[in-house]
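Subject: Structure for your files, with notes

Dear colleague,

Please find the structure below. My notes on it follow.

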Amino acid sequence: MIAMRGRHKLLVPFFTSGYPKAKGALDLIRAGIDAGADMIEIGMPFSDPMADGPEIQLSSGVALSNGINMTDTLRLVEAVRRYSDIPLVLMGYFNPIFAFGINRFAKSVSTCGADGLIIPDLPFDEADELSRSAVQNNLSCVYLIAPTSSAERVEKIDRACTDFVYAVTVTGVTGAGTRFDRSTDSYLKSLRQRLKKPFVAGFGVSSPASAARLARYADGVVIGSALIRAFRLAKNQRSGLKEVSRLLGDIRHTLD
Amino acid sequence: MGSKLETGPNRRGRFGVYGGRYVPETVMFALDELESAYRGFRRDRTFQNELKQYLRDYVGRPTPLYFAERFTEHLGGPKVWFKREDLNHTGAHKINNTVGQILLARAMGKQRIIAETGAGQHGLATATVCARFGMNCVVYMGEEDIHRQAPNVEKMNLLGAKVVPVSSGSATLKDATSEALRDWVTNVRSTFYIIGSVVGPHPYPMIVRDFQTIIGKETRRQSLKQIGHLPHALVACVGGGSNALGLFTAFMSDDKVKMIGVEAGGKGLGSGQHAATIRKGKPGVLHGSYSYLIYDNDGQVVLPHSISAGLDYPGVGPEHSALADIGRVEYGSATDKDTLRAFRLVSQLEGIIPAMETAHALAWVVRNRKKFKPSQHIVVCFSGRGDKDMPILRAESEKHQ
């Protein structure tokens with residue numbers, strides 16, 4: 001279970017397991033925690049990430065060519081757990097989970113110390129088996145709501161989520177360069193009114209200003225592609241880590 | 001499960017256990033919208049009449065059922081008939097589906113069309129109907145396939161479509177499909193996604209199958225008239241599996257009619273380089289549905305291999321998975337080598353150049369001719385013509401010189 005209450009706005013960075021190096025994700029995650037993250041999303045790489053834009057596709061591809069599999073991701077979760085008791089949520093596509101075995105997956109994830117799951121290609125309608133296993137293993141199920149979700153689905157998703165909901169801010173894939181505008185505000189505002197559970201907002205967060213805009217209504221913001229880009233464009237690993245820390249530190253500052 | 005499959009899918013979009021909607025939340029509403037529009041139009045006589053008219057005057061249906069006399073003589077086995085889908089406008093069965101879907105798109109008020117393509121036949125069929133109906137068209141195509149099927153790319157450009165090269169992953173059909181899905185997730189309110197095979201999230205496998213069943217309906221009627229009875233067996237190649245279901249569906253309850261789906265055996269089923277999804281894959285989830293799939297121990301989708309750009313897809317339509325499980329359809333395969341041989345053979349014996357995809361079905365017939373009696377009749381779905389495959393043939397000849 002993940003505790004979400006309070007006025008404090010959550011900063012949730014996303015990092016891909018196995019990126020930039022087989023064991024390199026741990027350094028990035030530590031940098032994220034040290035920069036003031038409240039929760040970490042760890043991406044499980046997949047060969048065909050259909051909800052992801054170029055940055056996360058790239059990190060996923062690099063991770064796979066580094067030979068990363070589910071067991072490596074579970075080791076990463078354990079390593080992060082040794083470093084901090086921060087909530088950890090795994091995000092990834094369904095087929096690697098299915099191949100690993102749904103029950104075995106939920107059990108292992110829980111044993112290694114992760115707290116929740118986000119599976120973007122598994123809407124709640126198709127998630128019966130996984131959500132049963134998740135509940136049995138005390139894992140939090142997080143489903144996505146999109147700007148195109150019907151009122152009926154919003155209500156059902158709110159109910160299906162264990163602790164909090166993930167609001168996709170734009171109709172698009174992760175890392176979309178879209179600018180948030182009034183329609184984003186009114187969408188998040190209406191979610192604020194309709195949802196019984198707290199919610200984080202993500203997809204397209206690239207700067208402190210964009211994060212602050214979402215946080216007016218959301219309980220937290222998720223940032224992924226922009227971190228990978230910041231890291232990738234730096235001239236070496238060390239300055240990459242610094243860039244990631246600085247971006248997260250700036251966002252932390254505007255959220256507080 | 002019994003030996004028969006109800007004409008699925010069920011209310012949850014499943015054929016047996018296969019199918020479903022494994023897609024991002026963003027497009028769920030569009031699938032609901034599409035399903036309800038489609039169910040309405042299936043009952044709408046005006047829509048059906050319009051479809052019928054376009055199939056006749058624009059596509060050129062009905063296509064003939066042709067007795068392949070010299071091919072039959074050469075085999076010294078069963079009598080082989082070709083259902084001539086290669087004679088359709090744009091040269092393959094793909095247009096049966098794109099005509100249907102473009103009418104749906106128009107009725108739903110969508111102005112922008114996207115599609116994925118492997119061999120380029122579906123892209124071409126989509127670009128064609130978009131030109132006819134004045135719609136914007138974007139076709140996603142793997143870079144590898146753009147090289148393999150250059151003639152189709154030129155045609156799509158001429159027709160006014162924008163062909164977007166996809167370089168991620170294996171740069172083939174699977175990656176083009178992922179990219180088309182990403183476009184759809186982004187532009188879902190304005191855009192209609194014309195999927196080219198019986199794959200993807202519900203209701204696509206049902207819609208594409210329904211628009212292709214015209215192949216089997218005609219074949220059934222023509223068989224009774226030209227052969228005097230139903231054929232002993234039906235043979236069709238299977239990538240995603242739309243031409244196969246198009247031929248098979250009308251015969252589904254004719255228990256005596258055997259059905260054989262032929263997958264791409266590549267360099268051999270033991271080589272690891274093939275696209276024989278049903279023969280060598282296991283159930284998994286890709287591109288929105290639960291079906292047989294080729295993936296490794298970690299659940300990562302494996303790059304398929306086939307000499308034909310239309311069959312090298314790691315998945316297969318969910319209805320095929322269900323039909324394989326209950327044994328109603330038998331799934332075989334044909335290697336690249338056998339396929340090339342059949343490609344040349346049929347060209348030279350019949351004066352008809354088959355698509356490399358179709359040549360897989362023909363190669364299966366050659367290899368399995370002894371399983372049939374000379375008195376038996378086989379219908380092969382001649383899914384497309386092979387003009388587009390000249391670059392592949394050239395490359396193969398150069399390799400062996």
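Leaving out residues up to four places away in sequence, which residues does A:Thr184 touch? They are A:Thr169 and A:Leu214. Please keep in mind throughout that this is a predicted model.

Helix α8 of chain A

A:Thr184 sits in helix α8 of chain A and, with a relative accessibility of 6%, counts as buried. A:Arg182 belongs to helix α8 of chain A as well, which covers residues 182-194. A:Arg182 is exposed, at 73% relative accessible area. Its C-alpha atom is 42 Å from that of A:Asn66, and the two residues are 116 places apart along the chain.

Helix packing in chain A

Helix α11 of chain A (residues 237-255) takes part in two of the packings I looked at, one with α9 and one with α10.

The axes of α9(A), residues 208-215, and α11(A) come within 9 Å and cross at roughly 35 degrees. The crossing is right-handed. On the α9(A) side the contact is made by A:Pro208, A:Ala211, A:Ala212 and A:Ala215, and on the α11(A) side by A:Leu247, A:Asp250, A:Ile251, A:Thr254 and A:Leu255. Sorted by class, the contact of α9(A) with α11(A) has seven nonpolar residues, one polar and one charged.

For α10(A), residues 225-233, the angle with α11(A) is about 145 degrees and the axes are 7 Å apart. This crossing of α10(A) and α11(A) is also right-handed. From α10(A), the residues A:Ala226, A:Leu227, A:Ala230 and A:Phe231 meet A:Gln237, A:Gly240, A:Leu241, A:Glu243, A:Val244, A:Leu247 and A:Leu248 of α11(A). By class, the contact of α10(A) with α11(A) has eight nonpolar, two polar and one charged residues. A:Leu247 appears in the contact with α9(A) and in the contact with α10(A).

Chain A, the segment before β1

A:Arg7 lies in the segment before β1 (10-16) of chain A. A:Arg7 is exposed, with 82% relative accessible area. The C-alpha atoms of A:Arg7 and A:Asp219 are separated by 7.8 Å, although the residues are 212 apart along the chain.

Backbone geometry

Two peptide bonds into proline are worth checking when you open the file. The bond from A:Tyr19 to A:Pro20 is cis, with omega near 5 degrees, and A:Pro20 is in the loop between β1 and α1 (25-34) of chain A. In chain B, the bond from B:His202 to B:Pro203 is cis, with omega near 10 degrees. B:Pro203 falls in the loop between β8 (191-193) and α9 (204-212) of that chain.

Positive phi angles also turned up. A:Asn138, not a glycine, has a phi of about 60 degrees; it is in the loop between α6 (128-136) and β5 (140-142) of chain A and is partly exposed, at 45% relative accessible area. A:Phe203, not a glycine either, has a positive phi of about 80 degrees. A:Phe203 is located in the loop between β8 (199-202) and α9 of chain A and counts as buried at 7% relative accessibility. B:Gly351, just after α14(B), takes a positive phi of about 70 degrees.

Chain B, helices α14 and α16

How far apart are the end C-alpha atoms of α14(B)? They are 21 Å apart, which agrees with the 21 Å that the 15 residues of this helix (336-350) should span at 1.5 Å a residue. Eleven of the 15 residues of α14(B) are buried, so the helix is largely enclosed by the rest of the structure. Among the buried ones are B:Leu340, B:Phe343, B:Leu345, B:Val346 and B:Leu349, but also B:Asp336, B:Asp338 and B:Glu350.

In α16(B), residues 390-399, B:Pro391, B:Ile392, B:Leu393 and B:Glu396 are buried. The buried residues of α16(B) pack against α6 (143-148), α7 (150-158), α14 and α15 (356-367) of chain B.

Chain B, B:Ser308

B:Ser308 is in the loop between β12 (288-293) and α13 (318-326) of chain B. B:Ser308 is buried, with a relative accessible area of 0%. Its side chain reaches the backbone nitrogen of B:Leu311 at 3.3 Å. Neighbours within four places in sequence aside, B:Ser308 is in contact with B:Arg148, B:Met356, B:Glu357 and B:His360.

Regards

Methods
Residues are numbered from 1 along each chain as its sequence is written. Chains are lettered from A and ligands numbered from 1 in the order in which they are written. Side-chain values use heavy atoms; hydrogens and water are left out. Axes are lines fitted to C-alpha atoms, for helices over the stretch in contact, and angles run from 0 to 180 degrees between N-to-C directions. Helices (H or I, at least four residues) and strands (E, at least two) are DSSP runs, numbered from the N terminus. A crossing is left-handed if the near helix is turned anticlockwise from the far one by less than a right angle, and right-handed if clockwise. Contact means heavy atoms within 4.5 Å. Ala, Val, Leu, Ile, Met, Phe, Trp, Tyr, Cys and Pro count as nonpolar, Asp, Glu, Lys and Arg as charged, and the others, Gly among them, as polar. The expected span of a helix is 1.5 Å times one less than its number of residues. Buried means under 20% relative accessible area, exposed over 50%, partly exposed in between (1.4 Å probe, protein chains only). A polar contact is a pair of N or O atoms within 3.5 Å; within protein, one must be able to donate a hydrogen and the other to accept it, and residues adjacent in sequence count only if both atoms are side-chain atoms.
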